[in-house]
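Subject: Handing over the structure

Hi there,

Here is the structure I promised to pass on to you. Please open it beside this email, and then read my notes underneath with the sequence in view.

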Amino acid sequence: MSNQVNAFAKNAINQFGLSETIAKRMTGTYGSMAKAFGFSEKEAYDMSTTLTGLAGDVASFYNLDPSEA
């Protein structure tokens, strides 16, 4: 799923206002958490990219650092 994560991260600045580095870091963190919960790789990818996008939206809306959101 690394190609999908890379593609997601490259577009994160336009979609969610997140840099590629932050998007990859957040997606990786959420993905690792999902895998630890027993999610499949695809489910972990879906959850991690959704949560990363939501965090970016919240950070943008409230003018916060993405790690705070």
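Let's start at D46, which is partly exposed, with a relative accessible area of 33%. Here buried means under 20% relative accessible area, exposed means over 50%, and partly exposed is in between, using a 1.4 Å probe and protein chains only. Before you go further, please note that this is a predicted model, in which local features need pLDDT of at least 70 and side-chain atom pairs count only at pLDDT 80 or more, while totals for chains, interfaces and linings use all residues. Residues are numbered from 1 along each chain as its sequence is written, and side-chain values use heavy atoms, with hydrogens and water left out.

**Salt bridges**

Side chains of opposite charge can pair when their charged atoms come close. The rule used here calls it a salt bridge when a side-chain nitrogen of Lys or Arg is within 4 Å of a carboxyl oxygen of Asp or Glu. By this rule there are 3 salt bridges.

D46 takes part in one of them: its side chain meets that of K42, at 2.8 Å from N to O. Both residues belong to helix α3 and sit 4 residues apart, about one turn of the helix. Helices are DSSP runs (H or I, at least four residues), numbered from the N terminus. K42 is partly exposed, with a relative accessible area of 46%.

Which residues are joined into one network by salt bridges that share partners? They are K10, E20 and K24. E20 pairs with K10 at 3.7 Å, N to O. That pair links distant parts of the chain, since E20 is in helix α2 and K10 in helix α1, 10 residues apart. E20 also forms a salt bridge with K24, with the closest N and O atoms 3.4 Å apart. E20 and K24 are 4 residues apart in helix α2, so about one helical turn separates them. As for accessibility, E20 is partly exposed at 31%, K24 is partly exposed at 33%, and K10 is exposed at 53%.

**Helix α2**

Next, try following helix α2, which runs over residues 20-36. The expected span of a helix is 1.5 Å times one less than its number of residues. For the 17 residues of α2 this gives 24 Å, and the end C-alpha atoms are 24 Å apart, which agrees. Its buried residues are A23, M26, T27, G31 and A34. Seen down the helix axis, these fall within an arc of 130°, so they line one face of α2. The arc is taken from the directions from the helix axis to the C-beta atoms.

What covers this buried side? The cover includes α1 (2-16) and α3 (41-62). The face turned away from the buried side carries the exposed residues R25, T29, S32 and A36. A36 has a relative accessible area of 68%, and its C-alpha atom is 30 Å from that of N14, 22 residues apart along the chain. After α2 comes G38, whose phi is positive, near 95°.

**Helix α3**

Helix α3 has 22 residues, which should span 32 Å; its end C-alpha atoms are 31 Å apart, which agrees. The buried residues in α3 are A44, Y45, S48, T49, T52, G53, A55, G56 and A59. They cover an arc of only 160° around the axis, which puts them on the same side of α3. Their cover includes α1 and α2.

T52 is a good residue to click on, as it is buried with a relative accessible area of 0%. Leaving aside neighbours within four places in sequence, T52 is in contact (heavy atoms within 4.5 Å) with F8, L18, A23, M26, T27 and Y30. E41, also in α3, is partly exposed at 45% relative accessibility. With the same neighbours left aside, E41 is in contact with M1 and K35.

On the face of α3 turned away from its buried side you will find the exposed residues F61 and Y62. Just after this helix, N63 takes a positive phi of about 55°.

Happy exploring, and write back with any questions!

Key:
Helix = DSSP H or I, 4+ residues; strand = E, 2+ residues; numbered from the N terminus.
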